[in-house]
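Subject: Structure handover

Hi there,

Here is the structure I promised to pass on to you. Please open it alongside this message, and then read on for what turned up in it.

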Amino acid sequence: STETMLTTSASSSTLARAQAPWATQTRGWATARASRARRASRVVVARAQMSTFRVAGEGACELGGIDARATCDANGARGTIATGQPFLDHMIDQLTAHAQLGVSVRVTRDGAACAECADAGTPHGADVFEASGRALGKAMKAMLSAGAGAGTKARARFASPLDEAYATCDVELYGGQGLDTFSLAPYGRPGTAGRSHIGTYPTAHTEVFWRALAEESGVSLRLVKERGDNAHHIVESTFKAFARGLRAAMDTVDGIDVYDSTTKSDEVRHSAIKRSTKETSIDVKLDLDADGANASISTGIVALDGLFSAIQREANIGLDIAASGDLWIDDHHTAEDVSIAVGQALNKALGTKKGCNRMGSATSTEGAATVECVMDLSNRPYLGYGLELDCDKVGDLSVEMVEHMFMSLTFNGQMTVHLVEHSRGSDEAEVAMAAAKAFGKCLRQCAAIDPRRAGAVASSKGTLSV
């Protein structure tokens, strides 16, 4: 690397400045069904109270022997999704969980109605994908028509991770340019042909669906795979990115920013972790709903204090860390154990994650360094570490412990995280600090409560606890 090697004193100074202000089925089925119905009703009411988009849209497309009919409701509950292609059904359902739309897509093939969770038989031709996309796009356009006066303001970008993969969506609701960019292939590792099918789902027809939906809905759309080796993950992260981006763009029309929401959770979201070994003694207290005005972070490693202080400040959480360790050996045990404890405290405080936004992306700068963090409180730990640190130490912290800190946080916090270095700073301390700030900012977005969810979990599975 051509980057300048850091000295301990210069790096410590950068990190210390940032740290300084923060030193100081037991119930019957009937009961369960009633509970779900009440929750769904609260969700619908909460959404309707906030949305400009109060009219549900309908759309239809006949293509050969395929007849697709769709509805799209910004304030409705999930309808029937039955295209005869189960994986496509599962992908369309992401609009329910992640765009919070009431969506239905019903397909008839040669006069026979398709059933949910059933494969209508192979081969699955492009006509099913095109007809489904066009019908849903028409329904979406009708739903979105109420906000057409917003013009170019109704746009958003969203990055959605799924384990090793993440995709980005740029959408402008009234742009009218259709599918401007589509770049997901290969559906597998770079440099390979990739997967031709996911089960019976032909991956090549993914673009057919999106192009049809974009043309009929009147949006301008850009879909790009940023990382990913697993075909299932690549496609699903793309559908999730669109769902989240679509809702974010709709929120700009409504003047809503759920990623900066101050709505309180119904759950108690604070925790305490004590960890004691022959190598370290750690005491962590964390409060997700504190105002973040005060923190006490003392690990014995100035640079580590600075990184955790940046995370705390940007996340706007309460965080106290008192740690002592065998620093006479080196910094490894202390940095690792502190990060494990903070990750465990995060996971404990997040609880069931009911009502949480769950996903987010944020970019932060420190000096000339710019780093993006993409995060999902997924209960599936994964770290995509994209920082290039070419030095021996970042301040008084061994350089490999920067990655180890983020890995321990991510795995013990049960989250998926991608760190992407967009620009290099004057030294590695700036890159590390920009990453910490982006991580904290992203955590704040993900942990924030979306009142429209009315305590529901943002997942098509219905839970993030297993």
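The largest cavity is lined by H98, Q100, R244, R247, A248, D251, V258, Y259, N357, D450, R452 and R453. Please keep in mind as you look around that this is a predicted model. The volume of this largest cavity comes to about 80 Å³. Its lining residues split into 6 charged, 3 polar and 3 nonpolar. Helix α7, residues 231-254, contributes the most to that lining, with 4 residues.

One of the lining residues, D251, is a good place to zoom in. D251 sits in helix α7, and it is buried, because its relative accessible area is 3% and the cut-off for buried is under 20%. Which residues does D251 touch once its neighbours within four places in sequence are set aside? The contacts are I256, V258 and R452; V258 and R452 also appear in the cavity lining. If you colour by sequence position, have a look at S51 too: S51 and D251 are 200 residues apart along the chain, yet their C-alpha atoms are 8.1 Å apart in space.

The second largest cavity has a volume of about 40 Å³. Its lining consists of L286, F308, I311, I317, L319, V342, L346, L409, F439 and L443. How do these residues divide into nonpolar, polar and charged? The count is 10 nonpolar, with no polar and no charged residues. Three helices each supply at least two residues of this lining: α8 (302-315), α9 (332-350) and α11 (428-447).

Now to the aromatic rings. The structure holds 8 aromatic pairs. One of them is F158 with Y259, whose ring centres are 6.1 Å apart and whose planes meet at 45°, so this pair is tilted. The pair connects distant parts of the chain, as F158 lies in strand β6 (residues 155-162) and Y259 in the loop between α7 and β12 (270-276), with their positions 101 residues apart in sequence. Both F158 and Y259 are buried. You have already met Y259 above, as part of the lining of the largest cavity.

A further pair is formed by W210 and F242. The ring centres of W210 and F242 are 4.8 Å apart and the planes are at 65°, so the pair counts as edge-to-face. This pair also links distant parts of the chain: W210 belongs to helix α6 (residues 205-217) and F242 to helix α7, 32 residues apart. Are these two residues buried or exposed? W210 is buried, with a relative accessible area of 1%, and F242 likewise counts as buried at 1%. Ring pairs also join W210 and F242 with F209 and F239 into a cluster.

Last, a look at a pair of strands. Strand β1 (residues 57-63) and strand β2 (residues 66-73) pair in the antiparallel sense, over 7 bridges. To find your bearings there, note that C61 is opposite A68 in β2. The two strands make a hairpin with 2 residues between them. In the turn, G64 has a positive phi of about 65°.

If you would like a starting point, I suggest helix α7: D251 is in it, F242 is in it as well, and it gives the most residues to the lining of the largest cavity.

Happy browsing, and best wishes

Definitions and conventions:
Residues numbered from 1 in each chain as written. Predicted model: local features only at pLDDT ≥ 70, side-chain atom pairs only at ≥ 80, totals over all residues. Heavy atoms only, no water. 1 Å grid on protein atoms, 1.4 Å probe; cavity = no way out; pocket = protein on both sides within 12 Å on 5 of 7 lines; lining within 4 Å. Points joined across faces, edges and corners; volume = space filled by probe spheres on them. Nonpolar A, V, L, I, M, F, W, Y, C, P; charged D, E, K, R; others polar. Buried < 20%, exposed > 50% of the residue type's maximum accessible area, 1.4 Å probe, protein only. Contact = heavy atoms within 4.5 Å. Phe/Tyr/Trp six-rings, centres within 6.5 Å; stacked < 30°, edge-to-face > 60°. Pairing = 2+ DSSP bridges.
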